[in-house]
Amino acid sequence: MSAEPLLRVENLVKHFHVRLGAFGEKAATVYALDDVSLDIQEGETLSLVGESGCGKSTTGFTILNLHRASGGKVIYKGQDLTRLDEKHMRPFRRDLQIVFQDPYSTLNPRMTVGEAVGEPILFHKLATKTELKDRIATLLSDVGLPARFASRYPHELSGGQRQRVVIARALACQPKFIVCDEAISALDVSIQAQIINLLLDLQEKYRLTYLFIAHDLAVVRHISTRVGVMYLGRLAELAPRDALFQTPLHPYTKALLSAVPETDPERERNRKRQILQGDVPSPLNPPSGCRFHTRCPIAMEVCSKVVPEWKAARPGHLVACHAINSDLS
Amino acid sequence: MTARISEPPLLDVKGLTVEIDGRRGPAVVVDGIDLHVGRGETLGIVGESGCGKSLTMLSLMRLLPNKIRVSKGTARFDGRDLQTMPTRELRKVRGGDIGFVFQDPMTSLNPVMRIGDQLCEPLIYHRKMAKTDARKRAVELLRLVGIPGPEERLNAYPHELSGGMRQRVMIAIGLACEPKLLIADEPTTALDVTIQAQIVDLVKDLRNKLGMSVVWITHDLALIAGLADRVVVLYAGTVVEDAPVDELYANPSHPYTRGLLASIPTLSDAPAARLSSIGGTPPEPGRRPAGCPFAPRCPLAMDICQRDVPKLEPISSGGSHRAACFAVNKVLKAA
């Protein structure tokens, strides 16, 4: 990792201030994201995994400045994006795109496919009105849809086709970086594979960089260069794909991997699962010290008191766990 | 646990057909499905959205929404016909002999009723328990499904629980009267893998303790591998393959099943550059092609597949592995 990263996230923090109680009489803070640091290299797919509420989507949103960061920096082309207002952010929006989970709610039902895909092109003045039609046709063919789809409305399309349109729209202004926020989770199994292949093809063709947010670990293993595991708003582990799946270090990563079912009846029946007890604690009141210590099978006394340091256990393999650190020292 | 062949199955569905009334006339959603579940057996029903897996199970309980009805077929449970049974009788079966766990605990629990009252309701209605006994039993049930502090939880409303907790409450309600058959419709789809693993282990455990039969509806072929004794694969409202679980994964025969299995990335095999995928999309109900419904997406499609509908036929000597495919059946007959 000597090359200058495409995007650098430094100690990113996002707290949401909410009001609870029937009349909103109680102020509270959701600790959605705490002290998250990572580099994203050009051309790679960095995946973030974890249970719902772990802050993986918040990370994506905050990087793109769709959520205002409460602290920390996002450095892109020498600029700290968290300091930019919407007007100054606009030129960067061209480079930084997002594909959302649900292709049913992210397309305007009153806009045709062509209008949806063409809008960012016109907005950023990347083509004249006369060139627009050809540009839309090219984009649709990039995502495997015929040009005649441009005049269709979202309700005429299947879920897989809609997700292709959403991807075409994200590609419209020739971005460098795309956040895929659970982009395939809402799709059927046979369609998921099509969209994964499409994302991989487009990455090759346009040298795209993905931040891939997902909860399906098998899919993540299939497409990622590096994988980050999050728990309750903090990164637990970040490593190259094979290192993470073959030699996971953090006890949470191990538990998460052991929970994934496999398509082999014999192995499934005989497998010893390490099942985590209980639910993820509330981010309104996260546990002290290491946030995982309440569910951790190897928790020690120090874990409930001191936040474990985020450091490299091996080159490129980062982890935050007291047990790991003491093993190596 | 596999059922003995000589015993009549606990649930026996024959030629079940479900139609939706649409603007263009009735559309067939479930097209003549045959199913059977033995005593103590766990049947997995696998299919993608719109294949009719949920409607099949709802129709058994006569819980179909407006404008959707059963047009043909029979469903016998424990020797009694569920379709012709008087509603009064059926009410005793629902929640009594057959427990149901619905997909979405957010919408299927009553938001203005305390968890305890929702758990006691079937016990008081079906088992004629006194309220105090029912509450004791409710505490046991919550403990059984792994909810900590069950006594206090009885007074909680659904919104006070997390998704995993709510789903456990749904399962506890389904199990309340120790049903002979538990029908679980995508019970873990909305949950995280860690919670999913907890729920799957729980159901396995309870099945062994209570000796009940389970029908588990899912789209997840990996999940069902470790859970079911037998798996039925649905496509566009028809059964395309039906096999004992080991047989299905070792020797998937219908091209759709093969395609599905090949398109799932796993944690164990080497990551390939591209996943194999099934082209096209499943047909909408009412716009299904003549002939085999999978023919337009099938790599093995022949002329006959466009014209005739293949029957579900045994492909092994024992007859326990069946597939509905001209290509597969022809290969076997020639051999």
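Colleague: Which residues make the nonpolar surface patch of about 210 Å²?
Modeller: This is a predicted model: local features need pLDDT of at least 70 and side-chain atom pairs 80 or more, while totals for chains, interfaces and linings use all residues. Residues are numbered from 1 along each chain as written, chains are lettered from A and ligands numbered from 1 in written order, and side-chain values use heavy atoms, without hydrogens or water. A patch takes residues with over 30% relative accessible area (Shrake-Rupley, 1.4 Å probe, only protein chains as cover) and no salt bridge (Lys or Arg side-chain nitrogen within 4 Å of an Asp or Glu carboxyl oxygen), joining nonpolar side chains within 5 Å and like charges within 9 Å. The patch is made by M300(A), V302(A) and V306(A).

Colleague: What is the relative accessibility of V302(A)?
Modeller: V302(A) is in the loop between α10 (265–270) and β11 (311–314) of chain A; helices (H or I, at least four residues) and strands (E, at least two) are DSSP runs numbered from the N terminus. V302(A) counts as partly exposed (buried is under 20%, exposed over 50%), because its value is 34%.

Colleague: How many residues apart in sequence are the parts tied together by Y256(B) and F294(B)?
Modeller: These buried residues form an edge-to-face pair, 5.3 Å centre to centre with 65° between the planes (centres within 6.5 Å; under 30 degrees stacked, over 60 edge-to-face, the rest tilted). Y256(B) lies in helix α11 and F294(B) in the loop between α11 and α12, so the separation is 38 residues.

Colleague: Which residues do ring pairs link into a cluster?
Modeller: The structure holds nine aromatic pairs over all chains. The cluster links Y231(A), Y252(A) and F292(A).

Technical notes: Rings of Phe, Tyr and Trp (its six-membered ring) pair if their centres lie within 6.5 Å; planes under 30 degrees apart count as stacked, over 60 as edge-to-face and the rest as tilted. Buried means under 20% relative accessible area, exposed over 50%, partly exposed in between (1.4 Å probe, protein chains only).
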